[in-house]
There are 6 protein chains.
Amino acid sequence: MVIDSHAHVTAPEALYVYKANILSHRGGHGRGKVEATDEDILKALNSPVFGGSSHLQQLKEAGTDMQLISPRPYQLMHSESPKLVAWFTEECNNIIARQAKLLPGTFRGVCSLPQTPGVSPKAVLPYLEKCVKEDGFVGCLVNPDPGECGGIETPPLGDRFWYPLYEKLVELDIPGHIHSTACKSDRLSYSLHFINEESIAIVSLLNSNVFTDFPTLKLMLSHGGGAIPYQCGRFEASALRRGGPRFSDRMRNLYYDTVLYSKDALELLFKTVGADRCLFGTERPGVGTVKDPKTGRWLDETRHLIEEFHWLSPAEKKMIFEDNAKKLFKLGTSEGAKA
Amino acid sequence: MVIDSHAHVTAPEALYVYKANILSHRGGHGRGKVEATDEDILKALNSPVFGGSSHLQQLKEAGTDMQLISPRPYQLMHSESPKLVAWFTEECNNIIARQAKLLPGTFRGVCSLPQTPGVSPKAVLPYLEKCVKEDGFVGCLVNPDPGECGGIETPPLGDRFWYPLYEKLVELDIPGHIHSTACKSDRLSYSLHFINEESIAIVSLLNSNVFTDFPTLKLMLSHGGGAIPYQCGRFEASALRRGGPRFSDRMRNLYYDTVLYSKDALELLFKTVGADRCLFGTERPGVGTVKDPKTGRWLDETRHLIEEFHWLSPAEKKMIFEDNAKKLFKLGTSEGAKA
Amino acid sequence: MVIDSHAHVTAPEALYVYKANILSHRGGHGRGKVEATDEDILKALNSPVFGGSSHLQQLKEAGTDMQLISPRPYQLMHSESPKLVAWFTEECNNIIARQAKLLPGTFRGVCSLPQTPGVSPKAVLPYLEKCVKEDGFVGCLVNPDPGECGGIETPPLGDRFWYPLYEKLVELDIPGHIHSTACKSDRLSYSLHFINEESIAIVSLLNSNVFTDFPTLKLMLSHGGGAIPYQCGRFEASALRRGGPRFSDRMRNLYYDTVLYSKDALELLFKTVGADRCLFGTERPGVGTVKDPKTGRWLDETRHLIEEFHWLSPAEKKMIFEDNAKKLFKLGTSEGAKA
Amino acid sequence: MVIDSHAHVTAPEALYVYKANILSHRGGHGRGKVEATDEDILKALNSPVFGGSSHLQQLKEAGTDMQLISPRPYQLMHSESPKLVAWFTEECNNIIARQAKLLPGTFRGVCSLPQTPGVSPKAVLPYLEKCVKEDGFVGCLVNPDPGECGGIETPPLGDRFWYPLYEKLVELDIPGHIHSTACKSDRLSYSLHFINEESIAIVSLLNSNVFTDFPTLKLMLSHGGGAIPYQCGRFEASALRRGGPRFSDRMRNLYYDTVLYSKDALELLFKTVGADRCLFGTERPGVGTVKDPKTGRWLDETRHLIEEFHWLSPAEKKMIFEDNAKKLFKLGTSEGAKA
Amino acid sequence: MVIDSHAHVTAPEALYVYKANILSHRGGHGRGKVEATDEDILKALNSPVFGGSSHLQQLKEAGTDMQLISPRPYQLMHSESPKLVAWFTEECNNIIARQAKLLPGTFRGVCSLPQTPGVSPKAVLPYLEKCVKEDGFVGCLVNPDPGECGGIETPPLGDRFWYPLYEKLVELDIPGHIHSTACKSDRLSYSLHFINEESIAIVSLLNSNVFTDFPTLKLMLSHGGGAIPYQCGRFEASALRRGGPRFSDRMRNLYYDTVLYSKDALELLFKTVGADRCLFGTERPGVGTVKDPKTGRWLDETRHLIEEFHWLSPAEKKMIFEDNAKKLFKLGTSEGAKA
Amino acid sequence: MVIDSHAHVTAPEALYVYKANILSHRGGHGRGKVEATDEDILKALNSPVFGGSSHLQQLKEAGTDMQLISPRPYQLMHSESPKLVAWFTEECNNIIARQAKLLPGTFRGVCSLPQTPGVSPKAVLPYLEKCVKEDGFVGCLVNPDPGECGGIETPPLGDRFWYPLYEKLVELDIPGHIHSTACKSDRLSYSLHFINEESIAIVSLLNSNVFTDFPTLKLMLSHGGGAIPYQCGRFEASALRRGGPRFSDRMRNLYYDTVLYSKDALELLFKTVGADRCLFGTERPGVGTVKDPKTGRWLDETRHLIEEFHWLSPAEKKMIFEDNAKKLFKLGTSEGAKA
């Protein structure tokens with residue numbers, strides 16, 4: 001079984017029309033809602049909008065059995081007016097919950113939270129609880145920079161500021177998927193901002209007491225962990241100088257998806273953090289959904305790369321493709337039934 | 001011959017006393033100068049301040065024949081008052097020039113520039129010219145974020161804002177060494193800021209027309225290029241979508257040092273950008289100057305790692321250790337004599 | 001013939017999906033474009049999205065022969081990043097131009113301009129010229145507050161700041177339709193912001209030298225001129241105290257649409273500024289497209305109210321419904337043919 | 001009997017000398033006080049400073065029997081330092097209280113409150129209570145924008161922020177007279193700012209629960225309600241779309257003065273909100289105290305315009321001129337004696 | 001003959017009523033003007049507003065023959081909107097010019113300038129020229145901090161920023177009287193702000209090249225030079241360390257008034273800078289116009305203190321009381337006739 | 001016995017290297033500590049760094065028996081990040097405590113506090129208590145402007161904001177030495193900022209209730225009290241106008257050091273505040289450590305000036321040189337033993 005642990009919803013256009021509209025009237029038209037029928041939702045999944053192929057076709061072609069879908073992060077606009085963020089988040093999560101209900105064997109939902117820059121995550125906990133307990137979500141996105149490079153800084157993930165969220169994640173026994181959103185700076189794109197924020201997240205978490213204080217906390221880092229598996233020697237040196245566990249050992253407190261799109265990078269990741277810490281992910285369809293003219297293959301078609309690593313045992317490969325995801329997101333039969 | 005292309009000066013204490021002082025009086029005591037004799041300068045190089053070993057001992061132990069030394073970037077405080085930055089930059093470069101004169105076979109200087117956030121690099125060109133033509137510097141540091149995360153953004157390196165500097169680098173035929181400085185954000189350390197800025201620099205440069213407009217421009221990225229060699233699949237995908245050369249091909253417009261401290265990372269770097277684009281570097285003594293209790297070796301002792309790569313040819317290894325540095329920094333005999 | 005001089009485009013959803021997208025990626029995906037076929041454009045006009053009735057049905061029901069359509073102002077986001085504003089403006093105007101070509105007897109386009117808060121309107125003149133000369137637009141929206149209450153003030157319309165725009169309007173012989181956009185303040189909705197800005201626009205224009213300096217300038221105020229026809233006594237008093245022409249006389253330098261939705265208000269408008277200064281307008285379908293349960297009529301169905309004013313002569317009514325619009329927007333036969 | 005419910009004090013010059021002084025020394029000279037004898041106060045009322053005629057002459061000429069006087073709003077400087085605002089407010093109210101005592105048959109006082117932008121109105125309640133219970137004031141001004149367009153926003157009047165004030169108004173059984181003060185924007189004069197703020201006040205109040213929560217709250221809107229009686233169709237449409245009472249019905253929760261200076265506007269006002277909701281007001285002497293060369297009459301001489309409306313019954317006219325004011329401000333015989 | 005070189009106008013109340021008014025309407029009522037007759041002006045000078053005694057009585061009692069009067073600095077509000085500053089400055093200077101014409105033997109005018117924080121003094125030069133050439137002013141106030149502690153800094157007086165003003169002062173051959181205005185900080189009163197700014201002014205001027213570049217520039221420091229005559233040893237030390245003339249010698253490039261109110265302070269001043277650099281001044285009536293209960297004398301009655309210094313020669317005393325003022329302000333007979 | 005009550009530490013260079021370093025890494029290297037042996041500390045005191053003479057030589061030459069040493073204020077950087085301030089303060093105080101222990105007959109320590117702009121001094125009280133009770137400090141510096149002219153204002157010393165500190169000073173029975181630190185404004189040097197802040201401190205304290213509320217509070221003003229002894233007539237006048245004690249009497253609530261460097265200034269100080277309120281101080285070595293070419297003497301060699309004042313009695317001179325310091329700082333035998 002192949003589970004894709006990092007993917008984003010392909011929603012009906014009405015969701016983004018809704019977003020453009022609330023951003024324009026700023027609440028003047030009232031909250032409203034996304035007008036989308038189940039047919040609209042299924043139609044979106046079957047429209048050939050990504051490189052000529054639809055979301056469901058992509059899954060089929062890739063041989064993916066199940067996908068964990070969350071909102072498209074770059075659309076989440078956490079630095080906007082909190083009221084608008086809350087509305088859009090709820091509408092977006094609703095679409096995801098409906099997709100998961102419509103195609104229960106194929107999709108599970110990972111919700112987003114209406115985060116506000118610099119404001120304690122306590123504010124979002126009731127909503128998170130509802131998403132998990134009532135709407136069947138199996139995890140949530142955690143944006144380490146809801147300010148979106150716009151000048152309002154939020155403490156980094158190693159800070160006690162985030163403890164209320166970690167307590168709730170542990171209590172609900174669900175993982176947090178670390179993933180930042182847009183970037184208002186003109187110096188870099190949101191895509192690179194993701195990478196940089198993942199590096200910041202890992203260094204902050206691993207240089208803090210978070211995993212001493214929350215030994216059962218489950219956090220999954222996007223995109224293979226930003227720069228850190230590649231740059232880990234630098235942080236190993238600092239850790240050795242300060243004493244305490246090696247940085248390379250601490251890295252194994254976290255989980256990492258495999259959204260990397262290159263064989264050498266995947267190899268580095270597995271060797272650095274271990275197969276038991278990696279979850280297969282593709283963001284498919286997404287940034288990597290483009291065909292390489294040299295190979296004729298989609299860049300986000302990475303399953304075969306992993307399968308070809310002879311130095312990985314079949315058990316390790318099964319961990320990456322299936323077991324780790326099942327364990328982290330509790331994707332057992334009864335859970336699926338509940339959702 | 002082994003040339004270490006990325007290292008920083010070990011200066012007499014008087015340099016940092018000077019810095020603390022001008023930061024405090026803000027010019028009220030006048031410019032003053034660093035009072036350091038040649039003996040002070042040599043004493044600093046022989047003091048056992050890094051893990052019990054001196055700068056010169058480290059070089060000897062490592063078998064490094066020549067080192068390119070620049071100011072310690074985290075001390076450069078580019079976001080401070082421009083007058084103070086100019087004073088400190090000059091004093092710091094002076095110490096480096098004097099070290100290079102005192103030990104001409106061992107050191108060559110790479111100067112820093114008194115950059116100001118958001119201000120055109122035109123302002124620093126006369127000083128750069130003096131450093132190269134009169135003081136024997138063979139390259140210069142280029143800080144892509146003189147604002148030091150303090151709120152004043154400078155356009156990214158792909159912007160025409162930087163063209164006056166590129167013109168001068170081409171005219172002087174010297175390389176720019178991309179290296180950021182301190183970081184005023186509480187979210188990340190300066191050390192991680194280096195990495196993130198390197199990623200921003202590469203993506204901005206390679207998605208711009210800089211190398212079309214300046215085909216002979218020589219830029220060396222620090223720390224193996226931040227996250228990019230590891231994350232290149234992501235940017236390959238975007239480039240394929242937009243058309244034009246592949247991102248992996250464009251990456252070969254740049255040079256990269258090997259300041260990485262882990263075998264797997266070095267392997268990834270060489271495979272990704274090619275040996276002809278890599279320059280041996282250690283920052284030694286520096287962040288990696290700590291002994292690994294497992295191996296008993298300094299973490300920044302990376303020469304043997306490279307030498308053990310059997311898939312690299314001797315010619316390729318010579319490129320990395322010697323030829324690329326000689327070509328980039330023009331370290332031929334006559335040049336050395338001039339300095 | 002009934003011409004509706006103030007109405008906004010009913011565009012395909014793809015336009016707003018495009019907007020949500022560029023706001024999220026901030027240019028990272030490139031400019032892209034709105035993917036909408038002629039069928040999509042016609043479909044939008046025939047969808048029953050406003051109170052159960054489609055745009056074209058509304059026109060038919062109201063007996064409107066021709067409508068001047070501009071972008072929905074509250075969507076224009078002039079206070080956003082200028083690059084994004086320019087992209088969205090162009091896409092939006094393109095849809096309008098295509099609608100006008102598809103239904104040339106029914107629609108004429110009034111374009112919007114990519115205005116920037118506090119920046120001279122000189123920047124938008126080449127684009128305005130292109131819209132009029134190449135794309136057949138017969139007028140343009142002028143936003144007196146591109147800062148959208150967000151803290152960056154733009155000088156009021158009586159200021160010489162706006163003279164380059166007035167010169168171009170006179171040169172092109174087209175009218176400016178004064179209409180503000182969104183409002184970032186939590187104190188009022190964009191809809192009331194429109195009204196307040198119209199009042200500011202009129203007072204600033206009429207207390208300035210604009211109509212002395214540009215006697216042939218044609219400006220149409222939205223929504224019956226905000227508060228001013230009702231509050232004119234207040235400004236008459238100030239004008240009498242200062243000397244110069246009476247405010248009530250100066251008011252006749254401007255044109256006003258009839259987007260008011262109440263009989264008493266329409267009556268006040270006509271009596272205050274004269275029928276020769278009024279253009280029939282409805283914003284239909286728009287804010288007034290709701291049925292009054294008392295009368296069973298749409299609130300924006302105002303044509304019959306005007307026709308029932310016995311104190312208006314047939315010639316005056318014709319001015320309001322047809323002649324003034326033809327004169328202002330030069331909607332003669334040959335013009336129509338050209339467009 | 002004719003009661004003018006909206007007029008402002010004609011104070012001795014010493015009041016404004018005091019203001020200029022405290023603004024300059026910012027408290028350095030201590031609080032001090034306005035040095036004005038009863039003679040000074042009476043002299044100010046008899047000086048021919050408004051179009052050659054004195055305040056008392058104006059009243060006599062107009063046939064006004066009683067006038068409710070409050071501070072000149074544009075002088076109240078609520079966005080200044082709170083200490084200075086408190087001092088000036090008290091001095092200004094003192095002059096009004098003394099005028100009302102000196103001429104008890106002619107004047108009643110409406111006090112102002114030392115409001116602070118963004119600060120809860122709780123802070124001013126003790127002072128309001130003192131004004132009403134000890135100093136004989138029959139109402140108070142309420143400034144919906146104490147920030148005076150200077151960048152610090154205060155929530156709009158429909159927000160719960162204002163509930164402490166509404167509770168106190170209900171408890172004291174006095175009306176609040178909505179009237180903004182100066183305007184620091186260069187885009188509009190304070191006079192137009194009054195109008196725009198009245199529109200904001202009405203829309204915010206009527207789209208909130210204020211009159212559900214405070215059914216006996218009495219609020220009088222200045223200048224005939226800004227733009228709203230003229231623009232009410234626009235808001236009727238929104239209300240119909242949202243459900244709940246019609247906007248035109250909700251408008252009758254408020255009271256409006258007749259400070260409009262034009263026959264057509266007065267007619268629109270009475271027809272829109274009803275005579276039982278209107279109070280005669282002139283601001284005389286004030287902005288309208290200028291003679292119309294066409295008629296030879298003062299623009300603020302509006303009593304005859306109302307008397308000439310044949311479609312208003314004598315009882316309705318009596319409401320406007322007398323009964324509504326008596327009821328709202330409790331101007332009965334015993335009250336007058338108390339004051 | 002006794003000349004009081006530092007005093008401020010006692011103006012009719014109408015001047016401050018005017019100020020309060022323009023600050024409130026911010027130009028909305030137009031510029032207007034101060035309505036004051038010659039009788040009003042003379043009445044102000046004869047009103048017993050300072051400790052029970054009038055301005056003219058104070059002069060008589062003190063035996064002052066001539067007084068140089070300027071605006072009351074704390075009223076000048078240089079940090080306000082430039083338009084309002086210009087209006088008030090002109091009105092205030094007009095009153096002074098009229099006083100000087102009404103009492104030509106008693107008063108000479110020192111004008112103020114409509115300075116703007118951070119803006120080059122070039123802007124005020126035409127107005128200064130008019131004041132001197134047309135209106136008979138014999139000097140001008142120079143405010144070294146037009147930002148009034150409000151956050152906008154203006155370069156200190158030793159900066160080349162001020163050279164255009166110095167050039168004009170030299171060309172017109174009139175002195176600048178250094179005197180700051182109000183202070184918006186809550187940490188200190190305007191009165192102490194005067195003192196601190198005088199210290200800043202002296203140190204900046206004397207550590208610059210101003211008197212090398214303008215050897216004939218005449219500048220008079222208020223209040224005996226702030227802290228500097230008392231603290232001069234501190235700056236003497238710095239000057240000796242840097243080389244160049246002694247600070248005590250440089251201090252003699254400036255002139256100082258004697259507005260000090262204590263015998264010991266006056267003695268320190270004369271001994272420190274020399275009698276040829278001091279001009280008798282009292283600010284009378286002003287801050288010192290209060291009777292000391294111990295002596296029964298006004299505190300600003302300082303003439304007798306100076307006359308009692310036996311260590312000053314009669315010629316030195318004549319310098320202080322008369323000659324220096326005549327020389328600096330060119331108060332010869334013909335000048336007086338001209339004014 | 002001669003006690004110098006105002007002097008600053010001459011520390012090993014390592015202290016300032018430490019400062020430059022933490023300012024650069026902003027905590028990234030951890031807190032670390034100053035590496036200085038007792039030999040380093042003694043060496044610093046014997047190095048001829050001030051005008052060719054060492055700290056200890058200066059004391060000997062001056063005949064000073066004991067010196068109270070505090071950190072060099074201009075280095076304290078209170079406006080920097082609080083964490084860094086705390087680190088540097090502790091390191092700096094440690095050096096002072098060690099000097100006092102190494103040379104117990106010569107030095108006593110006056111500690112600095114890690115103040116933060118605008119933050120209540122409550123935060124620093126535990127640290128102050130430790131310094132006094134455990135480390136032998138006999139007083140502390142109090143910086144009235146920890147914002148260092150950088151835009152964040154702290155209330156002035158007369159404000160109740162400071163009461164927690166005053167309570168602790170009274171409880172510990174130690175004096176506060178008022179001394180500001182650096183100055184970020186380009187208008188004045190830190191040295192003049194000291195003077196201006198002393199003036200602000202005195203005026204604020206003496207116009208408040210501080211000494212009514214804390215009659216036993218001991219505060220020593222630096223540099224002879226800024227401008228105030230010279231300018232006291234000005235504040236005497238204000239005090240007389242307001243009533244209450246004379247300003248000249250209130251001035252005797254404070255203590256003043258004699259760091260003035262000129263005979264006339266010293267004379268003015270003693271005459272104005274009385275010998276029982278003055279403590280001999282020199283800041284030696286410091287700003288005054290320069291030889292006057294006229295006299296051949298150091299400017300800060302002021303003891304002989306005081307000894308030559310024949311109008312001071314021997315008892316008064318003993319107060320100045322010894323008794324006042326002993327009383328204020330409790331420098332009796334047993335105290336010395338304890339430290």
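Reader: What makes chain D a copy that can be laid on chain C?
Author: In this predicted model, chain D fits onto chain C with an RMSD of 0.0 Å, after a turn of 180° and a shift of 0.0 Å along the axis. The fit is a least-squares superposition on the C-alpha atoms of residues with pLDDT of at least 70 in both copies. Two copies of a chain are related by a rotation about an axis and a shift along it. The residue of chain D that comes closest to the rotation axis is A227(D), with its C-alpha at 2.1 Å.

Reader: How do you know that the copies, chain D and chain C, meet through the same surface?
Author: Of the interface residues of chain D, 100% are also interface residues in chain C, so one surface serves both copies.

Reader: Why is the relation of chain F to chain B called a two-fold axis?
Author: Chain F can be laid on chain B by a turn of 179° and a shift of 0.0 Å along the axis, with an RMSD of 0.0 Å. That is what a two-fold axis does. The same surface is used by both copies, since 100% of the contact residues of chain F recur in chain B.

Reader: How are the residues and chains labelled, and which parts of the model count?
Author: Residues are numbered from 1 along each chain as its sequence is written, while chains are lettered from A and ligands numbered from 1 in the order in which they are written. Local features need pLDDT of at least 70 and side-chain atom pairs count only at pLDDT 80 or more, whereas totals for chains, interfaces and linings use all residues, and side-chain values use heavy atoms, with hydrogens and water left out.

Reader: How do you know that no contact joins chain B and chain D?
Author: Contact means heavy atoms within 4.5 Å. No contact joins these two chains, and their closest C-alpha atoms lie 22 Å apart. Chain A and chain E do not touch either, with nearest C-alpha atoms 22 Å apart.

Reader: Why is G225(E) called buried?
Author: Buried means under 20% relative accessible area, exposed means over 50%, and partly exposed is in between (1.4 Å probe, protein chains only). G225(E) has 0% relative accessibility, so it counts as buried. It is found in the loop between β6 (219-221) and α9 (228-242) of chain E. Helices (H or I, at least four residues) and strands (E, at least two) are DSSP runs numbered from the N terminus. Not counting residues up to four places away in sequence, G225(E) touches E198(E), S199(E), I202(E) and Y256(E).

Reader: What makes R31(B) and E91(B) a salt bridge?
Author: A salt bridge needs a side-chain nitrogen of Lys or Arg within 4 Å of a carboxyl oxygen of Asp or Glu. The N to O distance for R31(B) and E91(B) is 2.7 Å, and their side chains meet in a salt bridge. The pair links distant parts of the chain, 60 residues apart: R31(B) is in the loop between α1 (13-25) and α2 (38-46), and E91(B) is in helix α4 (residues 82-102) of chain B. R31(B) has a relative accessible area of 27%, so it is partly exposed, and E91(B), at 7%, counts as buried.

Reader: Where do E322(B) and K326(B) lie?
Author: Both are in helix α13 (residues 314-329) of chain B, 4 residues apart, about one turn of the helix. E322(B) forms a salt bridge with K326(B), with the closest N and O atoms 2.7 Å apart. E322(B) counts as buried at 10% relative accessibility, whereas K326(B) is partly exposed at 29%.

Reader: How many salt bridges does a search of the whole structure find?
Author: The search finds 129 over all chains.

Reader: Why does E148(B) have no salt bridge?
Author: The nearest side chain of opposite charge, K184(B), is 5.0 Å away, and the limit is 4 Å, so the pair does not qualify. For charge, Lys and Arg count as positive and Asp and Glu as negative; His and the chain ends are not counted. E148(B) is buried and is found in the loop between β4 (139-142) and α6 (163-172) of chain B. A polar atom of its side chain lies 3.5 Å from the backbone nitrogen of M77(B). Leaving aside neighbours within four places in sequence, its contacts include M77(B), H78(B), T181(B) and K184(B).

Definitions and conventions
Polar contact = N/O pair within 3.5 Å; in protein donor to acceptor, adjacent residues only side chain to side chain.
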